[in-house]
Amino acid sequence: MADREWDLLNEVFAPVYSPSTGIALDFLGLAGPNRQPVPSSLLEIGCGAGVIAVQAALAGSTTVAVDINEHAVENTRLNAQRHGVTDRVTAVHSDLFAALDDEARFDRIFWSSNYVLAPADYAYRSVHERAYVDPGYATHRRYLAEAVHRLTDNGSALLHFCDRGDLTGLERIAAECGRELRVLRRRTVLEGRDLVEHILLEILPLLDNTAQRADRSSSGERSVVLEGRCGARRARAGAKPEKRRPARA
């Protein structure tokens, strides 16, 4: 992947079986012909095998990579070592921001989310399900609420979502958290027999000031496709197992 070889542990989400990692690399400008300048610091939530974190480090970012799966944290460390960026990649076992220093701030925060909505009382049947299922969107809610508080002054909080998730539910949660979602990029790919649209969203504090909104429009920023419904709804509402040998991927 990304013209490199990677270590992959059995207990970690395998990016070769899903297009999401490749699309995320494209969204972030970390692979292919459309490479972009990278931020000085990056926090990746849900780092998995560490492909995105390592690619960002190779491009010049100082990267913190977190995952709730301890095997993913180990896998990211293995790939940082494989590609010689252990000085620029710190892998941390954490549930979102819980294990990070309270004062830590980042120029960019990125999460390719576990977008499949399950009932709030759903019990995971395997460690792999955590990579793509979020019961009650509880983790999405926390990310929407907390991410903007972990940014530098000019930082950006990004969410990689797709239309296999509940966009309407995500919109409602964003409004309840006082956030708006701005679409930065879209890409539709064939997954099995289905066309699936992947979406890169920026998370912003919800602006109530009309002048501020006009200001943003005049600066050339794209409008928020979800914002109108968010505002309307807000108005109505009032407000360590055994380690296994790495395999080559």
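Begin by selecting helices α4 and α5: α4 passes α5 in a right-handed crossing. The model on display is a predicted one, and this tour moves through it by selecting one element or residue after another.

**First stop: helices α4 and α5**

Helix α4 covers residues 138-146 and helix α5 covers residues 167-176. Their axes lie 9 Å apart, and the two helices pack at an angle of about 40°. That angle makes α4 oblique to α5. To display the contact itself, select His140, Arg141 and Leu144 on the α4 side, then Leu170, Arg172, Ile173, Ala174 and Glu176 on the α5 side. Sorted by class, this contact comprises 4 nonpolar, 1 polar and 3 charged residues.

**Second stop: Tyr137**

Now select Tyr137, which sits in the loop between β7 (133-135) and α4. Its phi is positive, about 55°, although Tyr137 is not a glycine. Most residues other than glycine have a negative phi. Is Tyr137 buried or exposed? With a relative accessible area of 1%, Tyr137 is buried.

**Third stop: Leu96**

A second residue of interest is Leu96, found in the loop between β4 and β5. Leu96 is not a glycine, yet its phi is positive, at about 50°. The relative accessible area of Leu96 is 4%, so this residue counts as buried.

**Fourth stop: the whole chain**

Zoom out to view the protein chain, which has 249 residues. It contains 7 helices and 11 strands. Of its residues, 48% count as buried. The chain exposes about 12500 Å², and carbon and sulfur atoms supply 47% of that area.

**Fifth stop: helices α1 and α2**

Return to a closer view and select residues 20-27, helix α1, together with residues 51-59, helix α2. The axes of these helices come within 10 Å and cross at roughly 30°. Such an angle makes α1 roughly parallel to α2. The crossing of α1 past α2 is right-handed. Which residues form the contact? Thr21, Ala24 and Leu25 in α1 meet Val51, Ile52 and Gln55 in α2. The residues of this contact divide into 4 nonpolar, 2 polar and no charged.

**Sixth stop: the surroundings of α2**

Keep α2 selected and add its neighbours. Why may α2 be described as largely enclosed by the rest of the structure? The reason is that 7 of its 9 residues are buried. These buried residues are Val51, Ile52, Ala53, Val54, Gln55, Ala56 and Ala57. To see what they pack against, display α1, β2 (41-45), β3 (62-67), α3 (70-82), β4 (89-93) and β5 (106-112). Then select Gly60, which follows α2 and has a positive phi near 125°.

**Seventh stop: strand β9**

Select residues 179-191, strand β9, and within that strand pick out Val189. Val189 is buried, and its relative accessible area is 14%. What does Val189 touch, leaving aside residues up to four places away in sequence? Its contacts are Pro19, Ile23, Asp194, Leu195, Val196 and His198. Next, select Ser20 alongside Val189: the two are 169 residues apart along the chain, while their C-alpha atoms are separated by 9.8 Å.

Val183 is also found in strand β9. Val183 has a relative accessible area of 3% and is buried. For a further distance to display, choose the C-alpha atoms of Val183 and Ile203, which are separated by 9.2 Å; these residues are 20 apart along the chain.

**Final stop: Asp153 in strand β8**

Finally, select Asp153, whose place is in strand β8, residues 151-162. Is Asp153 buried or exposed? Asp153 is exposed, with a relative accessible area of 82%. Add Arg105 to the selection: the C-alpha atoms of Asp153 and Arg105 are separated by 9.0 Å, and the residues are 48 apart along the chain.

How values were computed
Residues are numbered from 1 along each chain as its sequence is written. This is a predicted model: local features need pLDDT of at least 70, side-chain atom pairs count only at pLDDT 80 or more; totals for chains, interfaces and linings use all residues. Side-chain values use heavy atoms; hydrogens and water are left out. Axes are lines fitted to C-alpha atoms, for helices over the stretch in contact, and angles run from 0 to 180 degrees between N-to-C directions. Helices (H or I, at least four residues) and strands (E, at least two) are DSSP runs, numbered from the N terminus. Angles under 35 degrees count as roughly parallel, over 145 as roughly antiparallel, 65 to 115 as roughly perpendicular and the rest as oblique. A crossing is left-handed if the near helix is turned anticlockwise from the far one by less than a right angle, and right-handed if clockwise. Contact means heavy atoms within 4.5 Å. Ala, Val, Leu, Ile, Met, Phe, Trp, Tyr, Cys and Pro count as nonpolar, Asp, Glu, Lys and Arg as charged, and the others, Gly among them, as polar. Buried means under 20% relative accessible area, exposed over 50%, partly exposed in between (1.4 Å probe, protein chains only). Accessible areas come from the Shrake-Rupley method with a 1.4 Å probe; for residues, only the protein chains shown count as cover.
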